[in-house]
Amino acid sequence: MRNIVKEMWLGTPIQDCLDSNAGRGYIMVQIEHRFGKEVAANTNIEADVMNFTRWHFAGHSVRPGETCFYGIRYERLRNKKGEVVKRIPKLVRLFHRCQTKDSHY
């Protein structure tokens, strides 16, 4: 029960945005455009990209004035039989590790 509440509070995990090649490619294109090819080549998306709340929980804070980039999470609508009828794209605001700093509380 505690893990369910914790996951709801932390928001969308990055794995939900990486379930398709298009989602992974969209994030990498934004990182390359904003930070350059060298940073994009050295980026591990699973560890270096998170939303605001997950960075805070990991002991980092997003620097003031940094703008987010977007990931796409697909919400699946199902019918009564349990079959996926429609996938609705939802935007998730993400930040890269180089946009954060260590927080010491």
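**Figure 1. Phe52 and its aromatic partner in the predicted model.** In this predicted model, Phe52 has a relative accessible area of 48% and is therefore partly exposed, since that value falls between the limits of 20% and 50%. Phe95 has a relative accessibility of 9%, so this residue counts as buried. One aromatic pair is counted. Its ring centres, those of Phe52 and Phe95, are 6.4 Å apart, and the ring planes meet at 65°; the pair is edge-to-face because the angle is over 60 degrees. Phe52 belongs to helix α5, residues 52-57, and Phe95 to strand β4. The pair thus links distant parts of the chain, with the two positions 43 residues apart in sequence numbering.

**Figure 2. The largest nonpolar core.** This core has 11 residues. Its members are Ile14, Cys17, Leu18, Ile27, Ile31, Ala40, Ile45, Val49, Phe69, Val92 and Leu94. Two elements give two or more residues each to the core, namely helix α2 (21-35) and strand β4 (84-96). Another core lies apart from this one and has five residues. Met50, Trp55, Val62 and Cys68 are among the residues of that second core.

**Figure 3. Surroundings of Cys17.** Cys17 is one of the residues of the largest nonpolar core. With neighbours within four places in sequence left aside, Cys17 is in contact with Thr12, Gly23, Arg24 and Ile27, and also with Gly71, Ile72, Arg73 and Val92. Of these contact partners, Ile27 and Val92 are also listed in the largest nonpolar core.

**Figure 4. Gly59 in the loop between α5 and β2.** Gly59 is placed in the loop that joins α5 to β2, the latter being residues 60-62. The relative accessibility of Gly59 is 25%, so this glycine counts as partly exposed. Residues up to four places away in sequence aside, Gly59 touches Lys101, Asp102 and Ser103. Glu46 is 13 residues from Gly59 along the chain, and the C-alpha atoms of these two residues are separated by 17 Å.

**Figure 5. Ser103 in the segment after β5.** Strand β5 covers residues 100-102, and Ser103 is found in the segment after that strand. Is Ser103 buried or exposed? Ser103 has a relative accessible area of 15%, which is under 20%, so this serine is buried. Not counting residues up to four places away in sequence, Ser103 touches Gly59, His60 and Ser61. The C-alpha atoms of Ser103 and His60 are separated by 5.0 Å, although the two residues are 43 residues apart along the chain.

**Figure 6. Arg63 and Gly65 in the loop between β2 and β3.** Arg63 is found in this loop, and Gly65 lies in the loop as well, with β3 spanning residues 69-78. Arg63 has 36% relative accessibility and so counts as partly exposed. Gly65 has 76% relative accessibility and counts as exposed, because that value is over 50%. Residues up to four places away in sequence aside, Arg63 touches Cys98, Gln99, Thr100 and Lys101. Glu38 serves as a reference point for both loop residues. Arg63 and Glu38 are 25 residues apart in sequence and 21 Å apart in space, C-alpha to C-alpha. For Gly65 and Glu38, 27 residues apart along the chain, the C-alpha separation is 23 Å.

**Figure 7. The whole chain, for orientation.** The chain has five helices and five strands. Their order from the N terminus is α-α-α-α-β-α-β-β-β-β. The C-alpha trace spans about 50 × 35 × 20 Å along its principal axes. The chain has 105 residues, and buried residues make up 32% of them. Of the contacts between residues at least 6 apart in sequence, 65% join residues at least 24 apart. The accessible surface comes to about 7,400 Å², and carbon and sulfur atoms account for 54% of it. There are 18 positive and 11 negative side chains, and the centres of the two sets are 7 Å apart.

Technical notes: Residues numbered from 1 in each chain as written. Predicted model: local features only at pLDDT ≥ 70, side-chain atom pairs only at ≥ 80, totals over all residues. Heavy atoms only, no water. Core = buried A, V, L, I, M, F, W, Y, C linked by side-chain atoms within 4.5 Å. Buried < 20%, exposed > 50% of the residue type's maximum accessible area, 1.4 Å probe, protein only. Helix = DSSP H or I, 4+ residues; strand = E, 2+ residues; numbered from the N terminus. Contact = heavy atoms within 4.5 Å. Areas by Shrake-Rupley, 256 points an atom, 1.4 Å probe, with all protein chains shown as cover. Lys, Arg positive; Asp, Glu negative; His and termini not counted. Charge placed at Lys NZ, Arg CZ, Asp CG, Glu CD. Phe/Tyr/Trp six-rings, centres within 6.5 Å; stacked < 30°, edge-to-face > 60°.
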